[in-house]
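Subject: Structure handover

Hello,

Here is the structure you asked to look at. Please open it alongside this message; the notes on what was found follow below.

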Amino acid sequence: AYTGALWQFALMQGVMIGIGTAATFGPLIADISHWFRRRRGFAVAIAASGNYVGGAIWPLAMQALMDGYGWRTTYTVVGLVCIAGMVPLALALKRPPPKEDPEATAAALANRTPGAAAAVARAVPFSNRTLMILLSIAGIACCVAMSMPQVHIVAYCSDLGYGVARGAEMLALMLAGGALSRIASGFIADYIGGVKTLLLGSVLQGLALLFYLPFDGLMSLYVISLMFGLAQGGIVPSYAIIVREYMPARIAAERVGILIMMTLVGMAFGGWISGWIFDVTGSYRAAFLNGIAWNVLNVTIMCLILFRSRDRRAQTA
């Protein structure tokens with residue numbers, strides 16, 4: 001709030017806020033995954049929906065604060081709220097999670113609804129390293145696609161002449177839909193697994209991106225923004241669920257952290273490349289097409305993992 005130059009602002013935003021975000025979201029997701037067996041996906045989704053609930057509230061509050069008091073006061077208020085809320089809650093989470101018993105976990109998962117694959121059946125014909133490479137590429141790809149509306153919806157609305165306030169409302173609507181879909185996807189993941197849940201979310205995200213191409217009316221953008229939020233909310237938490245399904249618990253925090261980092265790399269690169277494409281072409285249409293192409297890459301990787309897993313399960317049977 002008290003920076004005097006753009007490079008100072010960028011440094012604080014990128015380094016300080018970036019480190020703070022990294023030290024909260026990833027560890028929270030990894031930690032909560034150790035506390036649950038049968039409803040692990042639901043628990044992870046609830047924890048992961050917090051930033052979307054915040055994302056639905058803050059754009060509207062920040063827009064009102066900026067209109068009335070300016071951006072410096074707005075940043076000061078946000079910082080004070082974070083200190084007052086996050087620090088006490090973080091101190092309440094110091095208790096270490098219980099040691100996981102693999103046999104108990106397998107037994108608990110085996111007693112789920114018929115038709116759901118048990119943990120013992122989640123064999124994939126890849127090494128942990130190969131699987132991590134595939135998931136990392138998938139994480140970057142899905143979030144390059146995801147970043148297009150999330151990062152640029154405000155600018156897109158301004159470019160169309162609707163104003164930044166309408167864009168902020170669409171962003172809030174998008175993130176509110178994302179919070180709902182994250183919780184729903186966690187429930188779904190407990191029954192069909194993380195890979196299928198991620199694949200479902202990615203396919204729906206691609207369809208929502210396609211709708212942005214022919215429709216640019218004000219009401220249409222509100223509806224599509226909600227559709228997009230409902231489609232993509234469950235994608236990122238599914239990576240944590242996949243790690244817990246396919247990899248040992250002792251390396252879960254490290255692998256979840258890496259994949260969350262890859263999704264953030266995708267968001268950062270996607271936000272930048274979409275802006276660069278707009279600068280070059282003078283239109284967001286090509287940027288949406290770029291997002292769709294990256295989304296297809298994510299769908300392809302998840303289909304590969306899913307089908308190879310089926311082949312391995314068939315061989316085991």
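How many helices and how many strands are there in the protein chain? The chain holds 13 helices and 0 strands, so read from the N terminus every element is an α. Please keep in mind that this is a predicted model.

Overall figures

Of the 317 residues in the protein chain, 43% count as buried. The area that the chain exposes is about 15,600 Å², and 70% of it is supplied by carbon and sulfur atoms. Among contacts with a separation of 6 or more, 81% are accounted for by residues 24 or more positions apart.

The nonpolar patch

One nonpolar surface patch covers about 960 Å². Its residues are Phe187, Ile188, Ile192, Leu200, Val203, Leu204, Leu207, Leu210, Phe211, Phe215, Val223 and Met227. Two or more residues each come from α8 (164-192), α9 (194-212) and α10 (218-232). Which of these gives the largest share? That is α9, with 6 residues.

Ile192, one of the patch residues, belongs to helix α8. Its relative accessible area is 33%, and because a patch residue needs over 30%, Ile192 passes that cut-off. Ile192 still counts as partly exposed rather than exposed, because exposed requires over 50%.

Aromatic pairs

The count of aromatic pairs comes to 14. One of them joins Phe211 and Phe215, whose ring centres are 6.3 Å apart with the planes at 25°. Why is this pair called stacked? Planes under 30 degrees apart count as stacked, and 25° is under that limit, so the pair qualifies. Both residues also belong to the nonpolar patch. Phe211 is partly exposed at 37% relative accessibility, and Phe215 is partly exposed at 39%.

A second stacked pair is made by Trp272 and Trp276, with ring centres 6.5 Å apart and planes at 25°. These two tryptophans are 4 residues apart in helix α12 (residues 252-281), so about one helical turn separates them. Trp276 is partly exposed, with a relative accessible area of 45%.

There is also an aromatic cluster, formed by Tyr156, Tyr212, Phe228, Phe278, Tyr284 and Phe288.

Cysteines

How many disulfides does a search of the whole structure find? It finds 0. Cys142 has the sulfur of Cys143 as its nearest cysteine sulfur, 3.7 Å away. A disulfide needs the two sulfur atoms within 2.5 Å, so Cys142 is in none. Is Cys142 buried or exposed? Cys142 is buried, because its relative accessibility is 0% and the limit for buried is under 20%. Cys157 is likewise buried, at 0% relative accessibility.

Ser185

Helix α8, which also holds Ile192, is where Ser185 sits. Ser185 has a relative accessibility of 11%, so this residue counts as buried. Which residues does Ser185 contact, leaving aside its neighbours within four places in sequence? They are Thr197 and Gly234.

Regards

How values were computed:
Residues are numbered from 1 along each chain as its sequence is written. This is a predicted model: local features need pLDDT of at least 70, side-chain atom pairs count only at pLDDT 80 or more; totals for chains, interfaces and linings use all residues. Side-chain values use heavy atoms; hydrogens and water are left out. Patches are made of residues with over 30% relative accessible area and no salt bridge: like charges are joined within 9 Å, nonpolar side chains (Val, Leu, Ile, Met, Phe, Trp, Tyr) within 5 Å. Accessible areas come from the Shrake-Rupley method with a 1.4 Å probe; for residues, only the protein chains shown count as cover. A salt bridge is a side-chain nitrogen of Lys or Arg within 4 Å of a carboxyl oxygen of Asp or Glu. Buried means under 20% relative accessible area, exposed over 50%, partly exposed in between (1.4 Å probe, protein chains only). Rings of Phe, Tyr and Trp (its six-membered ring) pair if their centres lie within 6.5 Å; planes under 30 degrees apart count as stacked, over 60 as edge-to-face and the rest as tilted. Contact means heavy atoms within 4.5 Å.
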